[in-house]
Every structure is written in C-alpha cells, then in structure tokens.
Amino acid sequence: GLIGFVPSDGASMTNNVVRSVHITSTYSGYSANVGGLVGYYGTGTSQNNYVSAEITASKYAGVIYGYIESSVTVSQSTFIVTINVTNTYGVGAYSGESNKYLTLTNSLIRINQISGTSNFARFYTYQCKYNIITIDSSSGSNYYLTADTASTLADLQSASTYASWVDFSGIWTMEATLNDGIPFLLIHSKYMVPDTWTGTEHAGEGTHESPYIIDSEISLLSF
C-alpha cells in the first residue's frame, strides 16, 4: 500500500491519494499482509483517503489494510480495488487477516474482481454504517449497502434507496455516467473518470511531429 507498517501509537492518515497503482508482494511467510492503503496498521484513524489499485499477493490481502492490530477508524474514504491472491488464503473487504475493531463510516468500497482464492471473507466491522460496498467475485456480483444488506445494482443506482441515510447535501453525490451510477463521495469526485472512458482520451501520436496533447485531467489519466 501507501505505507507498509504503521505502529500502535494512534497514527492518523488523512488526505492521501493512491491512484492507478499495482501493488505486488511475493512474500508468503509470517505477516505476509498486503493492503490498498497500509500493509500492517497498529491503531489510529484514517479519513479522506482515496485508493484505486490492483493488488497481487501470495497470502493475505485486504482492500484497506493487510492486517489490523487494534482499533482503527475509517471515514469518508474511497477504495476501488482488484485483488489477485496466488494461494488460498484470506481476502477481506476491509482487512486480509484480522478485522479487530474497525469502525467504518461514510465510505465507498468497490472490489472490482477477486481471483485466485477460495477463501474470501467479508470480515465484519465493529461499527459499519452509511457505507456503500460492492463486491464482484468469481461467483458473481454481490452488492452490499451497509454491513450486510444485500441489494441489486439497480437498487444502488436509485436515489430513493439512500433517502433515509445518505447525506447528499455535502458528503455523497450521484452522476449517471460516473461510478456505474452508484453514489460516490463528493470530496473524491475529481478522481472519478466517466464510465465510457477508454484510456485513449488524448490527441497526438507521441512523436516529434505529432506530440501528445494533454488538455484535461481525463487526457492525463489516459496514459
């Protein structure tokens, strides 16, 4: 992840962006923990973090953390992750090996794909509310709103689904062409690319005669 090890001293991680990265670990021994944000997290708080990554691990892989030692609070954060595990060890929507006391609020978790493991577990949290969680595994797509409320993609694309608990006045927003029409955090809207994005949204051929032309954030992301 962004950081391999965070000690148990109440560390705070805020306003971090890890975008379009590949995280690979071939180590399979003790404490082989890989996470989108942190590999091993002692205790502390995480707020306003954005992670989009592909994780390849030999053992334990977690969307947010590889391992949690003690109590951790996560809020207003986005995690869009693909996970590949080469052995049949644990994969978690929150952490790979242990969940301990994780409090998760107002966060978006999208697991685009899970492969290489038969031991996927959605580890429960100590407190989990006001979150949108989607999981796409080899057995099909599963959608979860809070801790365990199963839903359909059509439900997640309907504003009425969130009428009683999602704050669209300053925390969440929705756009039909972004994030598959599923709500996302307003603070991270600038990182969302259109669903029709092909990765070739730039002019030019990259030569001396015809250099690439980058005139927007979308064209920069296309490389």
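This is a selection-by-selection tour of a predicted model.

**Stop 1: the three-strand sheet**

Select β1 (3-6), β5 (residues 38-41) and β9 (65-68). These three strands form an open sheet in the order β1-β5-β9, and their pairing is parallel. Strands β1 and β9 are the edges, each pairing on one side only. From one strand to the next, the twist averages 5°. Now narrow the selection to β5 and β9, which are joined in the parallel sense by three bridges. For a reference point on this pairing, show valine 38, whose bridge partner in β9 is tyrosine 65.

**Stop 2: tyrosine 41 and tyrosine 65**

Keep tyrosine 65 displayed and add tyrosine 41. Tyrosine 41 belongs to strand β5 and tyrosine 65 to strand β9, so the ring pair links parts of the chain 24 residues apart. The ring centres are 4.9 Å apart and the planes stand at 55°, so the pair is classed as tilted. Are these two residues buried or exposed? Tyrosine 41 counts as buried, at 0% relative accessibility. Tyrosine 65 is also buried, with a value of 0%. A search of the whole structure gives seven aromatic pairs.

**Stop 3: the five-strand sheet**

Move to the strands β2, β6, β10, β13 and β16. They make an open sheet in the order β2-β6-β10-β13-β16, with parallel pairing. The edge strands here are β2 and β16 (127-129), each with pairing on one side only. The twist averages 10° between one strand and the next. Inside this sheet, select β6 (residues 44-47) together with β10; four bridges pair them in the parallel sense. Threonine 45 has threonine 73 in β10 as its bridge partner.

**Stop 4: two loop residues with positive phi**

Most residues other than glycine have a negative phi. Two exceptions can be reached from the strands just visited. Select asparagine 15, in the loop between β2 (11-14) and β3 (17-24). Its phi is positive, near 60°, and at 53% relative accessibility asparagine 15 counts as exposed. Then go to glutamine 76, in the loop between β10 (72-75) and β11 (78-85). Glutamine 76 has a positive phi of about 45°. With a relative accessible area of 22%, glutamine 76 is partly exposed.

**Stop 5: strand β11**

From glutamine 76, continue into β11 (78-85). How many of its residues are buried? Eight of the eight are, so β11 is largely enclosed by the rest of the structure. In a regular strand the side chains alternate between the two faces of the sheet. Colour the two sides of β11 separately: Thr78, Ile80, Thr82 and Asn84 lie on one, and Phe79, Val81, Ile83 and Val85 on the other. Both faces are covered.

Next, show the partners of β11. Strand β7 (residues 50-57) runs parallel to β11 and is joined to it by eight bridges. Within that pairing, alanine 53 stands opposite valine 81. Strand β14 is also parallel to β11, and seven bridges join the two. Phenylalanine 79 has isoleucine 109 as its bridge partner in β14.

**Stop 6: the nonpolar cores**

In soluble globular proteins, nonpolar side chains tend to be buried together. The largest nonpolar core of this model has 32 residues. To locate it, select Tyr41, Val63, Tyr65, Phe79 and Ile109, the residues with the most contacts inside it. Another core, of 16 residues, lies apart from the largest one; Leu108, Ile132, Trp165 and Ile171 are among its members. Add Tyr130, Tyr162 and Phe168 to Trp165: ring pairs link these four residues into a cluster.

**Stop 7: the salt bridge**

Finish with arginine 110 and aspartate 180, whose side chains meet in a salt bridge at 3.0 Å, N to O. The structure holds one salt bridge. What does the pair tie together? Arginine 110 is in strand β14 (residues 108-115) and aspartate 180 in the loop between β20 (172-173) and β21 (184-185), so the pair ties parts that are 70 residues apart in sequence. Arginine 110 counts as buried, at 9% relative accessibility, whereas aspartate 180 is partly exposed, at 37%.

Note on methods:
Residues numbered from 1 in each chain as written. Predicted model: local features only at pLDDT ≥ 70, side-chain atom pairs only at ≥ 80, totals over all residues. Heavy atoms only, no water. Salt bridge = Lys/Arg side-chain N within 4 Å of Asp/Glu carboxyl O. Buried < 20%, exposed > 50% of the residue type's maximum accessible area, 1.4 Å probe, protein only. Pairing = 2+ DSSP bridges. Axes fitted to C-alpha atoms, helices over the stretch in contact; angles between N-to-C directions. Core = buried A, V, L, I, M, F, W, Y, C linked by side-chain atoms within 4.5 Å. Phe/Tyr/Trp six-rings, centres within 6.5 Å; stacked < 30°, edge-to-face > 60°.
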